[in-house]
Amino acid sequence: MSAVPLPPLPPTPASEEGYRPAGRSIADIVDREHQQLLALLDQLTGPDATPQEGLAVLTAALSRHLSAEEQYLLPAVRAALPTATGRVAAEIDADAALLAALKGLTDEALTDVAERVRRHVDGVDGLVAELRAVATEEELVRLGNRLEIAEEAAPTRPHPGTPATPPWNRIVEPAVGVVDKVLDAVTRRPTYLEDLPEPPRG
């Protein structure tokens, strides 16, 4: 097993054999979010779509998701799997293009965004499978904890021009996220799946 670089964390208690930190694996979190995003896209393109609310939630969910992945998942993949460096770079470029497509998202642009999201899911799922094969469960859970923290602080609007790699994205993204959340509160903009009349099941 190859050690995955992590931010400073409390040491594992030496006296507790088989110690496992609390939380969910980054692989499980990303898989769940990908399924939710695909389910939301199916709902938005179906006969009972709720375009305005749904587009706002899709934009916010994707903005948070991509930000957190770029802060923790993709750097971990790059460090643990040197042969995947080119694929990680391609995902970062694709993320920037997806964020640009999300700006001012309309019904007319939804088909293009949906195709980009499906390509994102396919590409990242492949990287996650390879990371799962070389990282320990403890490392995956600790990365999952960091991903969830990053996602809560992440922007809720697309900002394709912000830094996409550490350390700068871990500094800039939370700051931008604060501004986004103030705007969301002022405009009463929905940003979570639970804000929809019928949240998709993924």
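**Exercise 1. Which residues is leucine 102 in contact with, leaving aside its neighbours within four places in sequence?**

Solution. Start with the location: leucine 102 belongs to helix α3, residues 85-102. Helices here are DSSP runs of H or I with at least four residues, strands are runs of E with at least two, and both are numbered from the N terminus. Next, list the partners: with neighbours up to four places away in sequence set aside, leucine 102 is in contact with Thr59, Leu62, Ser63, Val113 and Pro158. Contact means heavy atoms within 4.5 Å. Then take one partner: leucine 102 and proline 158 lie 56 residues apart in sequence, while their C-alpha atoms are 6.4 Å apart in space. Finally, leucine 102 counts as buried because its relative accessibility is 1%. The classes are buried under 20% relative accessible area, exposed over 50% and partly exposed in between, with a 1.4 Å probe and protein chains only.

A word on the source: this is a predicted model, where local features need pLDDT of at least 70, side-chain atom pairs count only at pLDDT 80 or more, and totals for chains, interfaces and linings use all residues. Residues are numbered from 1 along each chain as its sequence is written, and side-chain values use heavy atoms, with hydrogens and water left out.

**Exercise 2. Is serine 63 buried or exposed, and what does serine 63 touch?**

Solution. First find serine 63 in helix α2. Its relative accessible area is 3%, so serine 63 is buried. Now look around it: not counting residues up to four places away in sequence, serine 63 touches Leu99, Leu102, Pro155, Thr156, Arg157 and Pro158. Leu102 should look familiar, as Ser63 was among the contacts of leucine 102.

**Exercise 3. How many helices and strands are there in the chain?**

Solution. Count the elements: the chain has six helices and zero strands. Read from the N terminus on, the order is α-α-α-α-α-α. Then turn to burial: 44% of the 202 residues of the chain count as buried. To finish, consider the contacts with a separation of 6 or more: residues 24 or more positions apart account for 81% of them.

**Exercise 4. Describe the largest pocket and its lining.**

Solution. Begin with the idea: rolling a probe the size of a water molecule over the atoms shows where empty space is left. On a 1 Å grid over the protein atoms alone, a cavity is a set of points where a 1.4 Å probe fits but cannot get out, whereas a pocket is an open set with protein on both sides within 12 Å along at least five of seven lines; lining residues have an atom within 4 Å of a point. Grid points are joined across faces, edges and corners, and a volume is the space filled by probe spheres set on the points.

The largest pocket holds about 420 Å³ of space. Among its 17 lining residues, those closest to the centre are Glu33, Gln36, Glu151, Tyr192 and Leu193. At least two lining residues come from each of α1 (26-44), α2 (51-80) and α5 (137-153), and α1 gives the most, with five. Sorted by class, the lining has seven nonpolar, two polar and eight charged residues. Here Ala, Val, Leu, Ile, Met, Phe, Trp, Tyr, Cys and Pro count as nonpolar, Asp, Glu, Lys and Arg as charged, and the others, Gly among them, as polar.

One more step takes in Tyr192: the charged end of arginine 64 sits over the ring of tyrosine 192, 4.1 Å from its centre. The test is that NZ of Lys or CZ of Arg is within 6 Å of the ring centre and within 35 degrees of the ring normal.

**Exercise 5. What is the volume of the second largest pocket, and where does arginine 189 lie?**

Solution. The volume of the second largest pocket is about 170 Å³. Its lining includes Leu102, Pro158 and Arg189, and α2 contributes the most, with four residues. Arginine 189 lies in the segment after α6 (168-187). At 16% relative accessibility, arginine 189 counts as buried. Its contacts, outside residues up to four places away in sequence, are Ala56, Thr59, Ala60, Thr156, Arg157 and Asp184. Check Ala60 by distance: the C-alpha atoms of arginine 189 and alanine 60 are separated by 9.6 Å, with their positions 129 residues apart along the chain.
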